[in-house]
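Work through these exercises with the model open beside you. Try each task before reading its solution.

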Amino acid sequence: MKEINLEIISRDKTGKSNCKQLRNMGKVPAVIYGDKKEPAYIAVDYPKIVKELSKTSFFSTVFSLKLNKKAIKVLPREIQTDPLNDKPVHIDFLRVNDESKINISVPIIFINEDKSPGLKGGGVLNTVRREVDLICKINNIPEKLEADLTNLEVGSVIHMSDIKLQEDVIPQISDRDFTIATIAAPTVMPVEEEKPETEGEEGEEGEGEETVETKEGEEGKPEESKEEKKETEVKKEEEPKK
């Protein structure tokens, strides 16, 4: 892995006032620790460290810090930022050497999305992990891991075993083949257009109105009441007796 050279200055004083003064000078206070040595208090150039911070591989990058013509290999481990503007205000570096074996998080990128039938057909890439914790030596840290999506259909699962690793680089999780991503079915399915209502179905004229069939010759004749019907029937019964 390529090392990034970075010029630093030493600082004897510590404390809030000293750190504030360094920031006003365009520097970022930092400390180097580890490797069973005393901590070294330093400061790095603000524009240069911000440039490196913009890279996704910042925490997996080995920096060679130049101090008094002597190079110190380090890895960035923690960054404190200003809560108002998100600018770096302090950095912790871990001192390392070529034989150091460390746990480190490495970002995953997905390649060949245009060669995935599942994605081209409307599927969605569901990312489970955007980075993976690895165990490796300092001189063997991968800048990134690649997950190839070629020929993957909807329902396909990308496991850690599908990602190529360099020799002597192993995942920190070793007891299972964990999932990196899946290709899921589209979340929105196409909806068929509703057919227009045909005449004679809902809304048909006269629906809900009570209709009365009228026999021929009775049109306009009012319906007889129960009393009138009864009187008519009595008259019919009495007629033969006359």
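**Exercise 1. Which residues of strand 10 lie on its covered face, and which on its uncovered one?**

Solution. Some ground rules come first. This is a predicted model, in which local features need pLDDT of at least 70, side-chain atom pairs count only at pLDDT 80 or more, and totals for chains, interfaces and linings use all residues. Residues are numbered from 1 along each chain as its sequence is written, and side-chain values use heavy atoms, with hydrogens and water left out.

Step 1. Find the strand. Helices (H or I, at least four residues) and strands (E, at least two) are DSSP runs, numbered from the N terminus. Strand 10 covers 145–148.

Step 2. Recall the rule. In a regular strand the side chains alternate between the two faces of the sheet.

Step 3. Sort the residues. Leu145 and Ala147 make up the covered face of strand 10. Glu146 and Asp148 make up the uncovered face.

**Exercise 2. Place strand 10 in its sheet.**

Solution. Step 1. Read the order. Four strands form an open sheet, ordered 10-7-9-12, with mixed pairing. Two strands pair if DSSP finds at least two bridges between them.

Step 2. Look at the edges. Strand 10 and strand 12 (170–171) each have a single partner strand, so one side of each is left without a neighbour in the sheet.

Step 3. Find the partner. Strand 7 (residues 101–111) runs parallel to strand 10, and four bridges join them.

Step 4. Match residues. Isoleucine 111 has aspartate 148 as its bridge partner. Phenylalanine 110 stands opposite alanine 147.

**Exercise 3. Trace the barrel and the helices packed on it.**

Solution. Step 1. Follow the closure. Six strands form the barrel in the order 1-3-2-6-5-4, with mixed pairing. From one strand to the next, the twist averages 45 degrees. Axes are lines fitted to C-alpha atoms, for helices over the stretch in contact, and angles run from 0 to 180 degrees between N-to-C directions.

Step 2. Check one pair. Strand 1 (residues 4–10) and strand 3 (residues 37–45) run antiparallel, joined by three bridges. Isoleucine 8 stands opposite valine 44 in strand 3.

Step 3. Add helix 1 (residues 16–24). This helix packs on the sheet and touches strands including strand 1 and strand 6 (88–95). Contact means heavy atoms within 4.5 Å. The direction of helix 1 makes about 125 degrees with that of strand 2 (27–34).

Step 4. Add helix 2 (residues 46–53). Its direction makes about 95 degrees with that of strand 3.

**Exercise 4. Which residues of helix 1 are buried, and which exposed residues sit on the face turned away?**

Solution. Step 1. Set the cut-offs. Buried means under 20% relative accessible area, exposed over 50%, partly exposed in between (1.4 Å probe, protein chains only).

Step 2. List the buried ones: Asn18, Cys19 and Leu22. They fall within an arc of 100 degrees seen down the helix axis, so they line one face of helix 1. The arc is that of the directions from the helix axis to the C-beta atoms.

Step 3. Turn to the other face. Lys16, Ser17, Lys20 and Asn24 are exposed there.

Step 4. Zoom in. Asparagine 18 counts as buried at 13% relative accessibility.
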